[in-house]
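Reader: I would like to learn how to read the overall fold, the pocket and the backbone of a model such as this one. Could we take these features in turn?

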Amino acid sequence: MARIQLIVRADDIGYSEAVNYGIEKSVKEGIVRSAGLMPNMPAAAHGLRLLEGTGTCIGQHTNLCLGKPCADPKRIPGLLDEQGNLKSSKLYRSSWEKGEEIAPLEQFVIEIEAQYRRFLELVGHEPGYFEGHAVMSKNLFAGLKIVADKYGLKHNAMSFDGVGEFNGKPITTCPMDSMNPGYDPFETLKKGVLGATPGVPAVFVGHPGYLDDFILKNSSLTVNRTKEVTMFTDPAVKAWLDGQGVELITYDDVK
């Protein structure tokens, strides 16, 4: 009988130094084996240094809603606000609800590709997986696919209501309840594992991190990040997974 294969992933390397420290602890003392880098963020290199020597599968967590762009701003005006920052996730949500896009597809492709080049500069090799951060946008999803196909990248096309795809193979996404004020990370993990399909890798997407001034000013996901650090590093969680016969894998193990 096939075992449940589980990828435990931490998003947001580079969001802030405090977030980086939470990810570091979740990797070195916990069950996280894959982590996504936000290539455009100033703290990206700091986060990578913390994970040196851990063997973590580093993916590109393409970020189009926070900080400065990697591309020439003159080429992507629709993606930027008046201060030259990438437009906020709030603006993306508003556009999604109206059935609109904040910029033409070609501008998304330009910035996604620029972030891929920055990833290569920072990491020194291709991403173990390739996907996007936080926002709903048809042009973002299409742009990620275009860039992934152009460079032969391992694209994780996420699905939050069933089976998605990773590098042409089926993969499922566990429930994500981290925006719920009463969030219990362990209960959410259990729900994902117990609902997983043997033979189809499942991904639990977490956002472990600690808090600093930057994260408090720029993210609506705060305290629940710290809850995930605690959960990911709790020996009882690893013991429960072992008891369920769960095999912890990374994106590198999906063949």
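Author: What follows goes from the whole chain to its pocket and then to two residues. This is a predicted model, in which local features need pLDDT of at least 70 and side-chain atom pairs count only at pLDDT 80 or more, while totals for chains, interfaces and linings use all residues. Residues are numbered from 1 along each chain as its sequence is written, and side-chain values use heavy atoms, with hydrogens and water left out.

Reader: How many helices and strands does the protein have?

Author: Helices (H or I, at least four residues) and strands (E, at least two) are DSSP runs numbered from the N terminus, and here there are nine helices and nine strands.

Reader: What does the radius of gyration say about the protein?

Author: This radius is taken over C-alpha atoms, and the globule rule is 2.2 Å times the number of residues to the power 0.38. For 255 residues the rule gives a value near 18 Å for a compact globule, and the protein, with 17 Å, agrees with it. Buried residues, meaning those under 20% relative accessible area (exposed is over 50%, partly exposed in between; 1.4 Å probe, protein chains only), make up 53% of the 255 residues.

Reader: How is empty space found, and what is the volume of the largest pocket?

Author: Rolling a probe the size of a water molecule over the atoms shows where empty space is left. On a 1 Å grid over the protein atoms alone, where a 1.4 Å probe is fitted, a pocket is an open set of points with protein on both sides within 12 Å along at least five of seven lines, and lining residues have an atom within 4 Å of a point. Grid points are joined across faces, edges and corners, and a volume is the space filled by probe spheres set on the points; the largest pocket holds about 1,200 Å³.

Reader: Which residues lie nearest the centre of the largest pocket?

Author: Of its 48 lining residues, Cys-65, Ser-89, His-133, Ala-134 and Val-135 lie nearest the centre. Helix H3 gives the largest share of the lining, six residues.

Reader: Where does phi take a positive value in a residue other than glycine?

Author: One case is Asp-12, whose phi is near 85°; Asp-12 lies in strand E1 and is buried, with a relative accessible area of 1%. Another is Asn-167, with a positive phi of about 55°; Asn-167 lies in the loop between strands E6 (163-166) and E7 (169-173) and is partly exposed, at 36% relative accessible area.
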